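Student: Could you take a close look at one part of this structure with me? I would like to understand how two pieces of a chain can meet.

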Amino acid sequence: MYYTSAHVFNANPGGGTHSRQTVIVLIALARYIGAMGIKQVRALTTTLPSVTWIPLVRAHSERADEMTAGHRARRSTGEKHAIEDFLYDYYGTRPALMRRWHPGVGTGLSPAPDGLAEHAGWKFYLSHPDGIVTLDQDAFMHARAESVRYIHGLLTATASRPVFSGCFGLHEWAMVYRDSEHRHELPLRLGQDGTDKVVEQHSIRCTHFDAFRFFTPEAVGLNRLQPTRATQVDLDQPGCLHAAMDVHKWAQKLGPAVPGALALDCFALAGEIRLLDMQASPYDLASYGHPPVKIETPEGKAEYVARQRELARRAAGLRSRLIRVCEALLGPDAAAQNREAVAPFNQR
């Protein structure tokens, strides 16, 4: 594919060119497209000058280090954390990768004074003849097109549904129902019998397979739904804490296509959601200094729903941004086709 570079200059008081923004316009000739069978044109890429992206790299790594400091310190001593370890063990989060800043799909990096951006040596990046480094969309999609389509479809279907806030976090209770062995070495606030009674006195409606699959055998039949991996696109809804927490999962799956700030925003929100998830669980978090959200009481239910809805609102914004990343990767035609494919699942 042929491309040309057009430069846009922003005036600044000093008359310099540090505020210059380079725009690479990818132009595919009509005859060439027809002859080569190219179906998609990379229309526009905004390129950041080094005076812009170098500080972003530094600020990103500092923010990531701050967010993962506790985990890294505990890892060196082997200490466990019942709340925060989930973000690393279950989601496979790697602090070293978290601190890597990516410009995201559609943004290029101009050369630094000492040479090309270090991204040039990273997987899925491409160096252009003029020294600008961008995500290699063709290589990325060749390797991960199926994942991108799935993530786009799942997030689109999830976003189309209303928030359901009547689950009250009972999935965590169903994971310890009538079971003497628990995932966390923490006491149950109400003891085993009291915990079992709470489960039995409520209607359980868990929509998320990755929560449901950890239900105890005795709790499986109590769930009004029987989610499977195959029905995830059909059932995930934006009020579910785990579906909201998964914005971090999908940001990781999309990797270098996701702008660094968005990736860390997803991780930060997942941490807040995880805290509520555990506060509303049957576990006693007194040793961590966190008060319980007593979902077995009217007051606790009201607190849970209020916080759940606020977290769902914030997750919706991040989900929309991830959808846009997917659509930038897919291109308008493929994105439209993918939306059409999941349309039968919308609003369910």
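Tutor: Let's start with one pair of helices and then look at other parts of the chain.

This is a predicted model, where local features need pLDDT of at least 70 and side-chain atom pairs count only at pLDDT 80 or more, while totals for chains, interfaces and linings use all residues. Residues are numbered from 1 along each chain as its sequence is written, and side-chain values use heavy atoms, with hydrogens and water left out.

The chain has 14 helices and six strands; these are DSSP runs numbered from the N terminus, with helices being H or I of at least four residues and strands E of at least two. Our pair is helix α5, residues 137-159, and helix α13, residues 298-330. Their axes come within 8 Å and cross at roughly 140°. An axis here is a line fitted to C-alpha atoms, for helices over the stretch in contact, and angles between N-to-C directions run from 0 to 180 degrees. The crossing angle makes α5 oblique to α13: under 35 degrees counts as roughly parallel, over 145 as roughly antiparallel, 65 to 115 as roughly perpendicular, and the rest as oblique. The crossing of α5 and α13 is also left-handed, a label used if the near helix is turned anticlockwise from the far one by less than a right angle (right-handed if clockwise).

Which residues meet? On the α5 side they include Phe140, Met141, Val148, Ile151 and Leu155, and on the α13 side they include Leu322, Ile323, Cys326 and Leu329. Contact means heavy atoms within 4.5 Å. The residues of this contact divide into twelve nonpolar, four polar and three charged. In that sorting, Ala, Val, Leu, Ile, Met, Phe, Trp, Tyr, Cys and Pro are nonpolar, Asp, Glu, Lys and Arg are charged, and the others, Gly among them, are polar.

Cys326, one of the α13 residues in this contact, has 0% relative accessibility and so counts as buried; buried means under 20% relative accessible area, exposed over 50%, and partly exposed in between, using a 1.4 Å probe and protein chains only. Cys206 is buried as well, at 8%. The structure holds zero disulfides, a disulfide being a pair of cysteine sulfur atoms within 2.5 Å. For Cys206, the closest cysteine sulfur is in Cys240, 6.1 Å away, and therefore too far for a bond.

Now set a second pair beside the one you have just seen. Helix α2 (residues 50-77) and helix α12 (residues 260-279) pack at an angle of about 15°, with axes 11 Å apart. That makes α2 roughly parallel to α12. Their contact brings residues such as Arg63 and Met67 of α2 to meet partners in α12 including Leu264 and Phe267. It divides into six nonpolar, three polar and two charged residues.

His71 also sits in α2, where it is buried at 11% relative accessibility. Leaving aside residues up to four places away in sequence, His71 touches Asp85, Tyr88 and Pro95.

Finally, visit Trp173 in helix α6, residues 170-174. Trp173 is buried at 0% relative accessibility, and beyond four places away in sequence it touches residues including Arg189, Val198, Pro282 and Ile295. Across the whole chain of 348 residues, 47% count as buried.
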